[in-house]
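Here is a friendly walk through a multi-chain model, written to be read next to the coordinates. Please keep the viewer open as you go.

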Amino acid sequence: MKPKWTLLAGAATLVALPVAAQKSSAEGIAEYRKMLEDGNPAELYEVKGEALWKQKRGPKNVSLEACDLGKGPGVVKGAWVELPRYFADTGRVQDVESRLVTCMSTLQGFDADKLAATPFGKGEMANITALATWISGQSRDMPFALSQAHPLERKFYALGEKAFYYRAGPMDFSCASCHGEEHKRIRLQDLPPLYKNPGDGLGIAAWPAYRVSNGQMWSMQLRLNDCLRLQRFPYPKFGSDVTTALAVYMGVNAKGAKSIAPALKR
Amino acid sequence: MYTRRDALARSAAVAGIMASAGLLPTAAQAAWNQAAFEAKNMADALKALGGAAPTETKDVTLTGPDIAENGAVVPLACACALPGVKRLMLMVEKNPNTLAAVFDVSDAVEPNFATRVKMGQSSNVFAVAMMSDGKVLFAQKEVKVTLGGCGG
Amino acid sequence: MADPMRIRAQAAGDKATVRVLMSHEMETGQRKDSAGKPIPAWFIQQVTAQHNGKTVLEAQWGPAVAKNPFLQFIVKGAKAGDKIAISWLDNRGDKRTDEATVT
């Protein structure tokens, strides 16, 4: 991997910082983010996720290596950018985290309801996040290519679109309130437009991500959960139809956008 | 409650085990320099580390962002071009305790280290080099710390 | 036992750049929990690096080092195939050692 940090060997070779005294805040922040690209703590979760995939666990003492993420049992590379998708064995449209609950319960014998009810960052839910982090990294730089071939996949896109524009809660927010227009931001965070393809590495293409502000690894389920919290909506069930549908909506809209997951965020 | 006394006693016990296993650094660095890491300013930290009054110089380089989007993670690199560097240190002026990290330079490594620190607020940051001839040199940079908004 | 570190060591010429990510909370002791009680300080205090078994770096850290610490340094005379070992010791006496091969 090409090192991004250019450390200094001699006094004469100073880093070429812009000579101008004032650099814009946006440039400053971009420089800060670039400095952190090499050595993303998300890698620690990728390592953990890979170990969990291969380790025999659960009451049945079996690994997850036969888990079907949509491209066949055990096929991980490329699976991330095709999720969420329809699965014939469950008859549902599922995202990666919901699919991990399916595999962990059917293959390993964990209790699916207990898994889904575990708070983010704790116990097996932390393991699901680590697994999702590793799985996403296996599709690094690949373009999003969600299927809309199955009628349920199309139905979920329509549901996602409806949810995206659905204003509710005490503040009358919808997802579109923040993500329904281009060139919007909250303080220093740019808000990607999610009703269309926001481009490489943005929106759905940027999660899971390690958030430096709290030192936590956030999966898409947690990201959506927190968006709904900011909208003052009720706490969504893990792997709910609405959160899955929103991911389908974003994923289909982002067709062709390159995934940079697992990424690094504020 | 796990008190500092407990922590120090435990550390000492572990240090004993590690020393006998040959895993500890040399005796001079065996104990964690609590006085230095609890100093509230550069002068006190240097005093606790046995350093002289520092001189600002271009021979010490400090690399870091002008603006850190989040003070929880601020990437900093310290280096010194001159021969005879014994130690390189990173200090954050306005942190509750100024000293963040101390790197002992051996012949086998370049006097050039990078890590990430927490900054409580916008502040001057110092890279300090302690030389084998007793001189103490430093470079400084102002790093602004902002808090981003929600999401993102 | 703490989670493993990520160590990458890349040779270029007669040196190797070593980059490490350690899994550690690095709790300062300044924060309070939701009940208002201070969360005890818990942080890496000592870091050592060895090149083919010889200690090449010793560092002392305070709680101001960021959570999930990153460390980068350059080892002279290191070449592909050499072993780099990183050890850390925290204020609770917990420790961890991981090894990597220079590529």
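## Chain C and its neighbours

Of the 103 residues that make up chain C, 51% count as buried, where buried means that 20 or more other C-beta atoms, placed from the backbone, lie within 10 Å of the residue's own (12 or fewer is exposed, and in between is partly exposed). This is a predicted model, in which local features need pLDDT of at least 70 and side-chain atom pairs count only at pLDDT 80 or more, while totals for chains, interfaces and linings use all residues. Residues are numbered from 1 along each chain as its sequence is written, and chains are lettered from A and ligands numbered from 1 in the order in which they are written.

Chain C has 0 helices and 7 strands, and its pattern along the sequence reads β-β-β-β-β-β-β. Helices (H or I, at least four residues) and strands (E, at least two) are DSSP runs, numbered from the N terminus. The C-alpha trace of chain C spans about 55 × 20 × 20 Å along its principal axes. Among contacts in chain C with a separation of 6 or more, 54% are between residues 24 or more positions apart; a contact means that the C-beta atoms of two residues, placed from the backbone, lie within 7 Å.

Which chains does chain C touch? It is in contact with chain B, through 31 residues of chain C and 34 residues of chain B, and with chain A, where 14 residues come from chain C and 12 residues from chain A. Towards chain B, the elements of chain C giving two or more residues are β3 (44-51), β4 (54-61), β5 and β6 (83-90). Towards chain A, β1 (6-12), β2 (15-21) and β5 (70-76) of chain C each supply at least two residues. The table sets out the residue classes on these two sides. Nonpolar covers Ala, Val, Leu, Ile, Met, Phe, Trp, Tyr, Cys and Pro, charged covers Asp, Glu, Lys and Arg, and polar covers the others, Gly among them.

| Side of chain C | Nonpolar | Polar | Charged |
|---|---|---|---|
| touching chain B | 15 residues | 13 residues | 3 residues |
| touching chain A | 4 residues | 5 residues | 5 residues |

Strand pairing also links chains B and C: β7 (residues 112-117) of chain B and β5(C) pair in the antiparallel sense over 2 bridges. Two strands pair if DSSP finds at least two bridges between them. Here B:A114 has C:Q72 as its bridge partner in β5(C).

## Inside chain B

Is strand β5 (residues 85-92) of chain B enclosed or open? Of its 8 residues, 7 are buried, so β5(B) is largely enclosed by the rest of the structure. β5(B) runs antiparallel to β8 (residues 123-131) of chain B, joined by 7 bridges, with B:L88 partnered by B:A129. β5(B) also pairs antiparallel with β6 (residues 99-105) of chain B over 5 bridges, and B:L90 is matched there with B:A101. These two strands, β5(B) and β6(B), form a hairpin with 6 residues between them.

## Features of chain A

An open sheet of 3 strands in chain A has the order β6-β5-β7, with mixed pairing. β6 (216-218) and β7 (263-265) of chain A stand at the edges with a single partner strand each, so one side of each is left without a neighbour in the sheet. Strand β5 (residues 209-211) of chain A and β6(A) pair in the antiparallel sense over 3 bridges, and A:A209 stands opposite A:W218.

Turning to helices, the axes of α6 (residues 151-164) and α9 (residues 241-253) of chain A come within 7 Å and cross at roughly 95 degrees. These axes are lines fitted to C-alpha atoms over the stretch in contact, and angles run from 0 to 180 degrees between N-to-C directions. That makes α6(A) roughly perpendicular to α9(A), a label for angles of 65 to 115 degrees (under 35 is roughly parallel, over 145 roughly antiparallel, the rest oblique). The residues of this contact divide into 11 nonpolar, 2 polar and 3 charged.

## Confidence

The model scores ipTM 0.94 and pTM 0.84. Mean pLDDT, the predictor's confidence in each residue from 0 to 100, is 95 for chain C, with 99% of its residues at 70 or more. For chain B the mean is 84, and 76% of its residues reach 70 or more. Over residues 17-29 of chain B, pLDDT stays under 50. Where pLDDT is low, the predicted coordinates should not be read in detail.
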